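Hi,

Here's the structure I promised to pass on. Have a look at it first, and my notes on what turned up are underneath.

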Amino acid sequence: MAEVFVLVEHRRGELRDITFEMLSGCRDLAKNLNASITAVLLGKNIDNFVEQLKSWADKILVVEDDKLENFNAEAYQRVLSHLIKERKPILTLIGHTSFGMDLAPALAAELGIPLATDCIGFELQDGRLVAIRQMYGGKVNARISFKTAPYMATIRSAAFKAEEPGLSAEVEKAPSPLTEEITTKRFLEYVEAAVGEVDITQAERIVAVGRGVGDYSDEKVRSIIEELANELGAVIACSRPIVDKGWLPKDRQVGTSGKTVKPKLYLALGISGAFQHVAGMSASETIVAVNKDPKAPIFTVADYGIVDDLFKVVPVLTEKVREAKGGS
Amino acid sequence: MKIVVCVKHVPDTAEADVVITPDKKGIKKEGLAFGINEWDEYAVEEAILMKEKYGGEVVAITIGGKESEDTLRRCLAKGADRAIRIEDPALEGSDAYALAKVLCAVIKGMEYDIIFTGAQAGDDGFGQVGQTLAELLGIPHAALVTKVEPQDGKAKVHRELEGGLEEVLEIQLPAVLAVQTGINEPRYVSIMGIRKAKKKELKVLSLSDIGLSPDEVGEKGSLLTLEELYIPPVEKMAEILTGAPDETATKLAGILDERGLIPK
Amino acid sequence: METIDGESFGEKYDLFVCLQCGKCTGSCPLSMRSQLSPRKHVREALLFDNEVVLDKEFLWDCTTCATCRLRCPRDLQPVEVIIGMRSILIEEAKVPATVQEALESTFKNGNPWGRAPSKRDEWAAELSLKSASEGAEYLYYVGCTPAYDPRVQNVAKSLVRVFKAAGVDFAILGNEEKCCGNEIRRMGEVGLFEMLMEDNVEIFENYGVERIVTSSPHCYNVFKNEYEGLKAEVFHYTQLLCEKLDNGLLKLTKELKKKVIYQDPCFLGKQNKIFEEPRKLISSIPGVELLEYDREKERSVCCEGGGGRMWAEATATGERTAETRVKEAVALGAEIIAVACPFCMLTFEDAVKMTGYEGKIEVKDISELLVEAIE
Ligand SMILES: Cc1cc2nc3c(=O)[nH]c(=O)nc-3n(C[C@H](O)[C@H](O)[C@H](O)COP(=O)(O)OP(=O)(O)OC[C@H]3O[C@@H](n4cnc5c(N)ncnc54)[C@H](O)[C@@H]3O)c2cc1C
Ligand code: SF4
Ligand code: SF4
């Protein structure tokens, strides 16, 4: 029976959500490809992961090696290329994460396998695999077909829901093909982004600003936003361009390279809704977006939207919120 | 230090409406503003900062039509020493793998210590060209790089991970470093500077100049085929509050109040 | 000091005759609140090397209002010296991030506001205006701020209504319109300015434009005084409409019982001596009582919106001039501050909020007052 490989992603002793999303998201596809699902787990001291993964895959293929302790694309590439050559999975799935982006392209190039990155869905067309991915900041979808099998794809975070299928995987241990030390690339350490005064992940209400606020170092702009946040008892967070400009500290950034937040209210002002941002806030209970562009992707994740200049809307909103507070 | 930086000239679609062409293989370019890919702007700056610190040479490379010389001229004005543009009708329909082959063919005969690329392009968002190029050249790479400190034949490199975490690596040079935005502050370059840079060398090469056959690129030389583009179906759409700012803000405040989202 | 073209500042701006009398600094609206001092900079330009400007962040404080030029007994142009110094900063890439963004956007998008060129004509979507290719007596050059800024868009819309009411035959360039470059030159980006000028002259020629009418005094100024090779005649809208008023084609019939005070835009008043037309338009509205500031016309006070200040946060401390002007207007009993410039509109709207006079005094463009009087 054919196999689908799903690369297990873990960091600092924890399995990452993308692993479960891939394992459950590829079930239909695997069925259509007539393939079983193998979770490929590389690392050191990973027995507890094996337990956690048992109910999610048909098989767990484990390679343990001291050299695999921390993620190192070079080491991973060698092990995976060996496993893929040997077992010839029809499809290999890797997360489109920092880890996967570093690993997958070189691995695919080494093996000469077609790789579609950042996929959000799959179809089979006349027996050939077709991947769905986004372009132009999410304004366009593309259907991309793979010329030859086997296939490789990286999967966008949160593109699939993680639903436990209740399987009981067979566990197979394979010897590590790594014979020598990896010298081209060496992991040194992790560094944590500096911790600031506010923890946006703990906030119940968030007012988030994006590039649409213009110059956030401008005191007027800042005070318009801060006033609303004050009235709402909200913490101010932002999209990455605001951090890149140095206008807010890194720990206020929401999204894949920032924080993931799940507040009761997420009010997005002048944020287009790039998926890297959305990934960090889509689980919020109520999402409201104010954006001038009626086609901004943020409106597809928001519960309520206002298509207008935020500088026209926000001052009135502040006023109305103030009234609502006074009125009861 | 010998540095190569790969750049791309891309349309800005953040605000503009995107219209798909009738053949469904591309988008209408008319009326769109073009410029250097956001990630590449940081890559070029990093390359020039390196040169300013350690001496050496920066070569900027792009694959694209005549209009992409705008982007190369900017790189030259910022401080790149020379530029190369590869153009060939056979390149039409190339996937990221084929484009990496083209870059590899240009670069492999050159001397280099670091090759900078952007971590991804704002138009197609593949995020794979730099890493693929590294594999084809047989050298190491790091993606999503946020800091680079070269030290005799090696470089200490920071990579951005999720959740505000970074990892620090030591990587052997030469290497490909795919740069993440925010790594530096790209400098301004004046139009006069761009005009002055017109004197710098900008070579235009075709496929035969770099020793590739048409079959190795384009649709034939690619592993993926773009079947079609379409506007994504709207799965969920926000309830849009309509009216003048007064009305919309009032409605919204009402909704927030109803949902108990206004602290009292 | 040498200009970026390699000439000496002394020669180029004829600085040797400077008396160091300090009239320029004395008249400068910023010199009291910032280290900006035209007199001192003229002297530095004569005596020092280019390096001395590199750490002078306050050079971005100058609004290019040109009051210093007006007051100089030797007819010197301290403001041009400052612009020349900014050019050095630009070539040395010592540019505030926000100015950098405005310049980069102007190069890429044709406007300093970072907005998509394909959205430039959105304000006119439902107005079915003639496009330049159809030909018309006047080309209405809208300008970046009226095209994109939601508040100032209303000025463009109002102007269109008044033009129509007065029977003006006009067309617009729509998305082909590009920044005029007035502010760009004043931010010291000479190369970009020249590029815009060449592009615009070519566009105007292509459509055989003979008369241009602008919303903004800034566009008017640059077309009229600084564009090389532009054959078309240039008007600020207040000039054109005043002529239509005189000809009886613009009829102001509806009453507006308000006390209105007029803020002279520097680029219309001080720099182009257009003082009467705007006043005449306002005072011809039935019921309007036109008030005057103590300091008006040639002595008027700059709003601090010009010279790139829309994109550069000043180092200046203390009360902004627009706030002072709002307070003065209120004290004089004005109910409306009438402006005739997009930047005055924005700085005054903001100053009304900052001073807490919202609801007490309104900022309106003359075109918006005229609309009320014709409909
Ligand atoms: C590996 C990687 C990781 C990333 N991680 C993150 C991350 O963690 N978080 C993150 O946010 N991004 C991240 N990004 C960047 C992301 O791709 C987008 O570039 C970014 O989110 C865009 O931010 P934005 O929405 O603020 O800006 P834009 O996309 O420029 O959107 C600005 C929006 O504001 C609107 N607007 C403009 N003016 C106004 C106005 N006056 N009133 C109302 N609306 C207005 C516009 O219509 C537009 O929709 C990452 C990218 C990569 C490659
Ligand atoms: S006013 Fe004229 S003469 Fe007097 S100091 Fe200024 S530049 Fe010199
Ligand atoms: S132009 Fe105006 S702001 Fe600038 S120096 Fe002269 S008087 Fe001062």
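Let's start with chain C, which splits into three pieces: domain 1 covers 6-91, domain 2 covers 97-243 and domain 3 covers 249-374. Keep in mind as you read that this is a predicted model.

Domains 2 and 3 of chain C have their C-alpha centres 21 Å apart. Contact between them involves 35 residues on the domain 2 side and 36 residues on the domain 3 side. About 2,900 Å² is buried between these two domains of chain C, and carbon and sulfur atoms supply 71% of that area.

Now the ligands. Which residues of chain C surround ligand 2? One run is Cys18(C), Leu19(C), Gln20(C), Cys21(C), Gly22(C), Lys23(C) and Cys24(C). The rest of the shell is Arg39(C), Cys72(C), Pro73(C), Arg74(C) and Pro78(C). Sorted by class, that gives seven nonpolar, two polar and three charged residues around ligand 2.

Ligand 3 also sits among chain C residues, including the cysteines Cys28(C), Cys62(C), Cys65(C) and Cys68(C). Pro29(C), Pro38(C), Thr63(C), Thr64(C), Ala66(C), Thr67(C), Val79(C) and Ile82(C) are in that shell too. Helix H4 (67-71) and helix H5 (78-91) of chain C are the elements that each give two or more residues to the shell around ligand 3. How many charged residues does the shell of ligand 3 have? There are none: the count is nine nonpolar and three polar.

Over to chains A and B. Their contact takes in 90 residues of chain A and 87 residues of chain B. Roughly speaking, the area buried there is about 7,600 Å², with 56% coming from carbon and sulfur atoms. On the chain B side, Glu162(B), Leu223(B) and Leu261(B) lose the most area to chain A, and together they make up 9% of what that side buries.

The two chains also share an open sheet of ten strands with mixed pairing, in the order E11(A)-E5(A)-E4(A)-E1(A)-E6(A)-E10(A)-E7(A)-E8(A)-E9(A)-E12(B). Which strands are at the edges? They are strand E11 (170-174) of chain A and strand E12 (224-230) of chain B, each of which pairs on one side only. Ignoring direction, neighbouring strands in this sheet are turned by 30 degrees against each other on average.

If you'd like one strand pair to look at, take E8 (128-135) and E9 (140-146) of chain A, which run antiparallel and pair over six bridges. Within that pair, Gln134(A) stands opposite Asn141(A) in E9(A).

Cheers

Note on methods:
Residues are numbered from 1 along each chain as its sequence is written. Chains are lettered from A and ligands numbered from 1 in the order in which they are written. This is a predicted model: local features need pLDDT of at least 70, side-chain atom pairs count only at pLDDT 80 or more; totals for chains, interfaces and linings use all residues. Side-chain values use heavy atoms; hydrogens and water are left out. A residue is near a molecule or strand if one of its heavy atoms lies within 4 Å of it. Ala, Val, Leu, Ile, Met, Phe, Trp, Tyr, Cys and Pro count as nonpolar, Asp, Glu, Lys and Arg as charged, and the others, Gly among them, as polar. Helices (H or I, at least four residues) and strands (E, at least two) are DSSP runs, numbered from the N terminus. Two strands pair if DSSP finds at least two bridges between them. Axes are lines fitted to C-alpha atoms, for helices over the stretch in contact, and angles run from 0 to 180 degrees between N-to-C directions. Domain bounds come from an automatic or database domain assignment. Contact means heavy atoms within 4.5 Å. Buried area is the accessible area (1.4 Å probe) that two parts lose on being put together, summed over both.
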